[in-house]
Every structure is written in structure tokens, then in C-alpha cells.
Amino acid sequence: MDVFPDIAQETRMVVLTGAGISAESGVPTFRDKDGVWGKYDVMSVATPEGFARDPGQVWRFYNERRKQAQSVKPNAGHYALVRLEEFLPEGRFTLITQNVDHLHRKAGSRNMHHMHGELAKVRCTRCEKVRETLEDLPELPRCECGGLLRPHVVWFGEVPFDMDRLFSLVEACDLFLVVGTSGVVHPAAGFVIHAKRSGATTVGVNLEVPENRGFIDHFYQGKSGEILPRLVEYWARCLIA
């Protein structure tokens, strides 16, 4: 029987999710050679240099990812986090995701940060305007100003969005929950270390033991879609007791 840590109404919680939670909905992970990543050289389609060299190839890759992302649905893990946000008082829950899909939003999450950007957003390389679009895009989409559009995602060699803000949220939390990550990719892998050193209780859920396991107080190995509902059910009882 799982033994879960307690929480209270005043608990400030930050949740970090990675590719593992989306994989349970059918979204290929970075290392999934049978998925869309396996068809392309990563450094050619997920770097600024690759985009400068062949923007058409990059857009073919991302249009395929965009189409695939629209075909999948949230799973029990996503919905468990929505329920947790609803149970905690306003301002006590923050979700940070490394994923660029919209499964958390589809499930109903509200207070969230896409640190690696979003597949459904594009950014102009000339005027820097960002807009959301779910429509099919041509191989070389253009902004109204005439500039070439790029996916509004963080590529290798680029800095994730709002890092100062995110580290401040992690530093101030009482409980840090990390779900579906390998603990390898930085700077996100450093969040749990920062939370632990700042005095937070740290909790992890993943199929495999992550690289940063030594900084996780309570680790539960398995599918997030199976473990998170049980964890959130326990925390809901804590909050209404």
C-alpha cells in the first residue's frame, strides 16, 4: 500500500510534468524511435541552425507534430492534476510543463506555464509577434509583416521561457511534485534540486527511476495515469478532513 505525504490548505504546490505523462496519451517521446522523432535528425529540426539552413524541413516536422498532437486526448494523470488544482485554494497550485502539446489545457488545467513553448503557437522571426493557430500551415508560413514564422517552441541551444519566474515559484513552494521526467534534461531537471534545497517536500512519479532520484523524498514508480489519481484522492481527503 502506498504511503503518501500529507498536505494542507496552506500548502503551496508546484508540479512539473515531462514527456512521460503525454506518452501515456500516445504522444511520442524524444527517445521514441518508432515515433515522429525517429524520422528526423533532431539537430536538423530542433535547433536555430537547422531552421536557418532548411526551414521547410523544420516546418514539415512540426506540422506533423501539430497534426499528431491534435489527435490525442488527456489521460487520467492529466485529469488528476486538474482535480488537485480545483481542491487547493486559489494561488496555491502552479503547473509547469516541459511538454509543448495542449493536453493539460484540454484536461482543464488553468494556472500553468509552458516552459518549452507550445505547438499551437507561432512566432514571427521579423516582428516577434506570437499568435495561436491550430489551422494547417504551409511549408513556409508567413506573418502579416512578411516575416517567416517559426514554431513558438524552445529549441536546443535556446533558453526556456520565464526561467527567473519559474525558479522563484519553485523556491517558494512547500511541496514539489515531478511527473514523467527522466531527470536528465536541464534546466528543468534542476527544479527538484532547487525545491529540495529550499526546504520543500519533493515527490516524484515516473516509469523509471530518474537521474535526480537522490533529491526526491517520496518516489512512486509506475504510470502517472495510475498513480496520480490515487495520490490526488489521498490529498483531497487531507484537504477536506
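How many aromatic pairs does the structure hold? The structure holds 6 of them, and the tour returns to several after the sheets have been visited.

This is a predicted model, in which local features need pLDDT of at least 70 and side-chain atom pairs count only at pLDDT 80 or more, while totals for chains, interfaces and linings use all residues. Residues are numbered from 1 along each chain as its sequence is written, and side-chain values use heavy atoms, with hydrogens and water left out.

**Stop 1: the parallel sheet**

Helices (H or I, at least four residues) and strands (E, at least two) are DSSP runs, numbered from the N terminus. Two strands pair if DSSP finds at least two bridges between them. Begin with the open sheet of 6 strands, whose order is 3-2-1-7-8-9 and whose pairing is parallel. Strand 3 (112-114) and strand 9 (218-221) stand at the edges; each has a single partner strand, so one side of each is left without a neighbour in the sheet. On average, neighbouring strands of this sheet are turned by 15° against each other, direction ignored. Such angles are taken between axes, which are lines fitted to C-alpha atoms (for helices over the stretch in contact), and run from 0 to 180 degrees between N-to-C directions.

**Stop 2: strand 2 and its partners**

Select residues 93-97, which form strand 2. Buried means under 20% relative accessible area, exposed over 50%, and partly exposed in between (1.4 Å probe, protein chains only). In strand 2, 5 of its 5 residues are buried. In a regular strand the side chains alternate between the two faces of the sheet. Here Phe-93, Leu-95 and Thr-97 lie on one side, with Thr-94 and Ile-96 on the other, and both faces are covered.

Strand 2 pairs with strand 3 in the parallel sense over 3 bridges. Leu-95 has Met-112 of strand 3 as its bridge partner, and Ile-96 has His-113. Strand 1 and strand 2 also pair in the parallel sense, over 5 bridges; there, Thr-17 has Thr-97 of strand 2 as its bridge partner.

Now add helix 7 (residues 163-172), which lies across strand 1 (13-17), strand 2, strand 3 and strand 7 (175-179) and runs at about 135° to strand 2.

**Stop 3: strand 8 and helix 8**

Moving along the sheet, select residues 201-206. Of the 6 residues of strand 8, 5 are buried, so this strand is largely enclosed by the rest of the structure. Strand 8 pairs with strand 7 in the parallel sense over 5 bridges, and Thr-201 in strand 8 is the bridge partner of Leu-175.

Next, select helix 8 (residues 189-197), where the buried residues include Phe-191, Val-192 and Ile-193. Among the elements that cover the buried residues of helix 8 are strand 1, strand 2 and helix 7. After helix 8 comes Gly-199, whose phi is positive, near 100°.

**Stop 4: helix 5**

Helix 5 (residues 76-87) has 12 residues and reaches 16 Å from its first C-alpha to its last, close to the 16 Å expected at 1.5 Å a residue. The expected span is 1.5 Å times one less than the number of residues. At the start of helix 5, a side-chain oxygen of Asn-75 comes to within 2.8 Å of the backbone nitrogen of Gly-77. Gly-77 is itself one of the buried residues of helix 5, which also include His-78 and Glu-85.

**Stop 5: the antiparallel sheet**

A further open sheet has 3 strands in the order 5-4-6, with antiparallel pairing. Strand 5 (130-132) and strand 6 (149-153) are its edge strands, each pairing on one side only. The twist averages 40° from one strand to the next. Strand 4 (residues 117-124) pairs with strand 5 over 3 bridges, and Arg-123 stands opposite Val-130 in strand 5. Helix 4 (residues 55-70) packs on this sheet and touches strand 4 and strand 6 (contact means heavy atoms within 4.5 Å).

**Stop 6: the aromatic pairs**

Rings of Phe, Tyr and Trp (its six-membered ring) pair if their centres lie within 6.5 Å; planes under 30 degrees apart count as stacked, over 60 as edge-to-face and the rest as tilted. Of the 6 aromatic pairs, select Phe-4 and Tyr-220, which are edge-to-face at 5.0 Å centre to centre with 70° between the planes. Phe-4 belongs to the segment before strand 1 and Tyr-220 to strand 9, 216 residues apart. Phe-4 is buried, with a relative accessible area of 11%, as is Tyr-220, at 8%.

Finish with Phe-61 and Tyr-62: their ring centres are 4.9 Å apart and their planes at 85°, so this pair is also edge-to-face. Ring pairs link Phe-51, Phe-61, Tyr-62 and Trp-155 into a cluster.

Conventions: Polar contact = N/O pair within 3.5 Å; in protein donor to acceptor, adjacent residues only side chain to side chain.
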